[in-house]
Amino acid sequence: MKKGKLIVFSAPSGSGKTTIVRYLLEQQDLNLAFSISCTSRAPRGEEVHGEDYYFLSLDDFKTHIKGEDFLEWEEVYRDNFYGTLKSEVERIWALGKNVIFDIDVAGGLRIKRKFPDETLAVFVKPPSIDELKIRLKKRSTESEDKINMRIAKASVELATAPQFDMIIKNYDLDTAKEEAYQLVKEFIK
Ligand code: 5GP
């Protein structure tokens, strides 16, 4: 199978990375397909199994860990596991497409280490922790507790930014989208 490229977007929750990833997926010339992760968390809002995530029970998730089916996995929040199946990347490469990941910083860096030449690892930086709080509250899909958990994690995640190939500052969404497009376009050439 011909290997495509791996495009990793990582950032603290609420930084706008999902919006940027969706925008890139619409750009046909980039030939991207979204890596659907597995998660043990419950679906939120309009999320669809097999589109946004493969929603698994905690037990099923752990069976995949034991079976070494994951390229990478993390317990991103307590009892909330997230991971990328090896078969997901193979599925996308078999389509002749490049893979785009929306995953946490630890998972993103792990993929970069496993496939250093094929991977472009991009970190999306929010303007500030205060702005992140405002964005997460506006999204209002999580409880106050969960929002605080995400904020606490964000400070730790921000410290990993220098380990990425590129950092995009998301101060203005349109500018960030265009910057992301140019970076990916150049990388897949
Ligand atoms: P959310 O619950 O908001 O969808 O995602 C929480 C965090 O888990 C986000 O930072 C998201 O990017 C990350 N995430 C999603 N899928 C994966 C995955 O397959 N592996 C890892 N390591 N993190 C993931």
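In this predicted model, helices α1 (residues 17-26) and α7 (residues 173-188) pack against each other at an angle of about 55°, and their axes sit 10 Å apart. With angles of 65 to 115 degrees counting as roughly perpendicular and those under 35 degrees as roughly parallel, α1 is therefore oblique to α7. The crossing of α1 past α7 is right-handed.

As for who touches whom, α1 brings Thr19, Ile20, Tyr23 and Leu24 to the contact, and α7 answers with Leu173, Ala176, Lys177, Ala180, Tyr181 and Val184. Sorted by character, the residues of this α1–α7 contact come out as eight nonpolar, one polar and one charged.

Then there's the sheet. It is an open one, built from four strands that line up as β4-β3-β6-β5, with mixed pairing. The edges belong to β4 (53-55) and β5 (70-77), each of which pairs on one side only. Going from one strand to the next, the twist averages 25°.

One of the pairings can be followed down to residues. Strand β3 (residues 37-39) runs parallel to β4, and the two are joined over three bridges. Thr39 has Phe55 in β4 as its bridge partner. The sheet also carries a helix: α2 (residues 58-66) packs on it and touches β3, β5 and β6 (80-85). Relative to the direction of β5, that of α2 makes an angle of about 140°.

Methods: Residues numbered from 1 in each chain as written. Predicted model: local features only at pLDDT ≥ 70, side-chain atom pairs only at ≥ 80, totals over all residues. Pairing = 2+ DSSP bridges. Axes fitted to C-alpha atoms, helices over the stretch in contact; angles between N-to-C directions. Contact = placed C-beta atoms within 7 Å. Parallel < 35°, antiparallel > 145°, perpendicular 65-115°, else oblique. Left-handed = near helix turned anticlockwise from the far one by under 90°. Nonpolar A, V, L, I, M, F, W, Y, C, P; charged D, E, K, R; others polar.
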